[in-house]
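Visitor: Please take me slowly through one part of this structure, and then set that part beside what lies elsewhere in the chain. I am in my first year and would like each step of the reasoning spelled out.

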Amino acid sequence: MAGTGRHAVHRTMVLVDVEGYSAASRTLPHQLDTRAGMYAVVTEALAAAGVPLQACWHGDAGDGVVVLVPPEYPKAPLLEVLPEALVRAIRGHNSTSPTAARARLRLAVHAGEVAFDEHGATSPTMVAAFRLLDAAPVRDALTGSPGVLAMIVSGLVFDEVVRNSTTLDPATFRPVEVTVKSFHDRAWIALPDHPYPADPTVLTQRPPDTPAPETAPTGPATVPDTHARCDGPGPRGVHIAGDVHGSGSGITIGAATGDHLSIGSSPPSAQQPRNPR
């Protein structure tokens, strides 16, 4: 594929990784058989979703592969068709392979901008996709599942594709907070061949540390105590007190750290250091 220089283009990112690829029981011949099986099942599953592998850029990761799908191929089949096709293909591979060459896979799906050069492809979005694939929650989900596949999708893909699918049940996904190195984001996990029980309440849960929606005040605004501090984490927000003619005590702006900026009133008597975040 020709390089795009410093200009990024949109791609859907499909990443797979073999569980326990470096296990002591896998000799080099077993690893080669596992890799051959991995490429065969990915190619088969992509074709079932209407995406020929040769139409995509793909990169080898030893125990995994990353596929960048061009935007002319819709995302929905990559969530609605590809996971189940992967399950069928993996089971087919495992049924004809020795134990040490069998595979269970983690699958990550993300989307965003990617730049290509003579060495391959890169972007912050691709880094995020690899972080999702390597996240502890999806590893734990596969470890605890009797199935052969665990899938993690980014919040973007979940909101734009899964929630709007006429085939998938979003309530069978589970929200997780992913923290890998400096990356932190919310993602969603599903087990295509052993799905979680449908639980619609997960679709309305707020992530941790997200403030509850504030209701509009029904009476005159009150002036907060500008000397009060909040040393623990709390809801972020901006609070403005005083009437439109400026006859109140002034304007006070407060943040989650407890810092205050006051206009028209005396500053706090003591300034405490900002809490690290």
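Guide: The accessible surface of the chain comes to about 15,000 Å², and carbon and sulfur atoms account for 57% of that area. What you are looking at is a predicted model, and the values that follow are computed from it. Of the 277 residues in the chain, 42% count as buried. The chain has six helices and 10 strands, and residues 24 or more positions apart in sequence supply 66% of the contacts that have a separation of 6 or more.

The part to examine closely is helix H1, which covers residues 28-48. With 21 residues at 1.5 Å a residue, H1 should span 30 Å, and its end C-alpha atoms are indeed 30 Å apart, which agrees with the expectation. Just as useful as the span is the question of which side chains are turned inwards. The buried residues of H1 are His30, Gln31, Thr34, Gly37, Met38, Val41, Val42, Ala45 and Leu46. They cover an arc of only 160° around the axis, which means that they lie on the same side of H1. The face turned away from that buried side carries the exposed residues Leu28, Pro29, Leu32 and Ala36.

It is natural to ask next what covers the buried residues of H1. Among the elements that do so are strand S1 (9-18), strand S3 (64-69) and strand S4 (105-117), together with helix H2 (76-80) and helix H3 (82-95). After H1 comes Gly50, a residue whose phi is positive, near 85°.

H1 also takes part in a link made by charged side chains. Side chains of opposite charge can pair when their charged atoms come close. Arg35 and Asp60 form a salt bridge in this way, with 2.8 Å from N to O. Arg35 belongs to helix H1 and Asp60 to strand S2 (residues 57-60), so this pair joins distant parts of the chain, 25 residues apart. Neither partner falls under the 20% limit that marks a buried residue: Arg35 has a relative accessible area of 23% and is therefore partly exposed, while Asp60, with 45%, is partly exposed too.

This salt bridge belongs to a set of seven in the structure, and two further members can be set beside it. In one of them Arg139 pairs with Asp134, their closest N and O atoms being 2.4 Å apart; Arg139 is partly exposed at 35% relative accessibility, and Asp134 is partly exposed at 37%. In another, Arg163 pairs with Asp159, and here the closest N and O atoms are 3.0 Å apart. Arg163, at 36% relative accessibility, counts as partly exposed, as does Asp159 with a relative accessible area of 39%.

Let us return to one of the neighbours of H1, helix H3, which can be read by the same steps. Its 14 residues should span 20 Å at 1.5 Å a residue, and its end C-alpha atoms are 20 Å apart, in agreement with that figure. Buried in H3 are Leu82, Pro83, Ala85, Leu86, Val87, Ala89, Ile90, His93 and Asn94. The cover over these residues includes H1 and H2, as well as S1, S4 and strand S6 (149-154). H1 thus helps to cover the buried residues of H3, just as H3 helps to cover those of H1. Asn94 deserves a separate word: its relative accessible area is 13%, so it counts as buried, and, leaving aside residues up to four places away in sequence, it touches Arg102, Ala103 and Val148.

Elsewhere in the chain, aromatic rings provide another kind of link. The structure holds three aromatic pairs. In the pair formed by Phe158 and Trp188, the ring centres are 3.8 Å apart and the planes meet at 5°, so the pair is stacked. Phe158 lies in helix H6 (residues 155-162) and Trp188 in strand S8 (residues 183-190), which means that the pair ties together parts 30 residues apart in sequence. Both of these residues, Phe158 and Trp188, are buried, in contrast to the partly exposed Arg35 and Asp60 of the salt bridge at H1. Ring pairs also bring in Phe173, which joins Phe158 and Trp188 in a cluster.

Note on methods: Residues numbered from 1 in each chain as written. Predicted model: local features only at pLDDT ≥ 70, side-chain atom pairs only at ≥ 80, totals over all residues. Heavy atoms only, no water. Helix = DSSP H or I, 4+ residues; strand = E, 2+ residues; numbered from the N terminus. Buried < 20%, exposed > 50% of the residue type's maximum accessible area, 1.4 Å probe, protein only. Contact = heavy atoms within 4.5 Å. Areas by Shrake-Rupley, 256 points an atom, 1.4 Å probe, with all protein chains shown as cover. Expected span 1.5 Å × (residues − 1). Arc of directions from axis to C-beta. Salt bridge = Lys/Arg side-chain N within 4 Å of Asp/Glu carboxyl O. Phe/Tyr/Trp six-rings, centres within 6.5 Å; stacked < 30°, edge-to-face > 60°.
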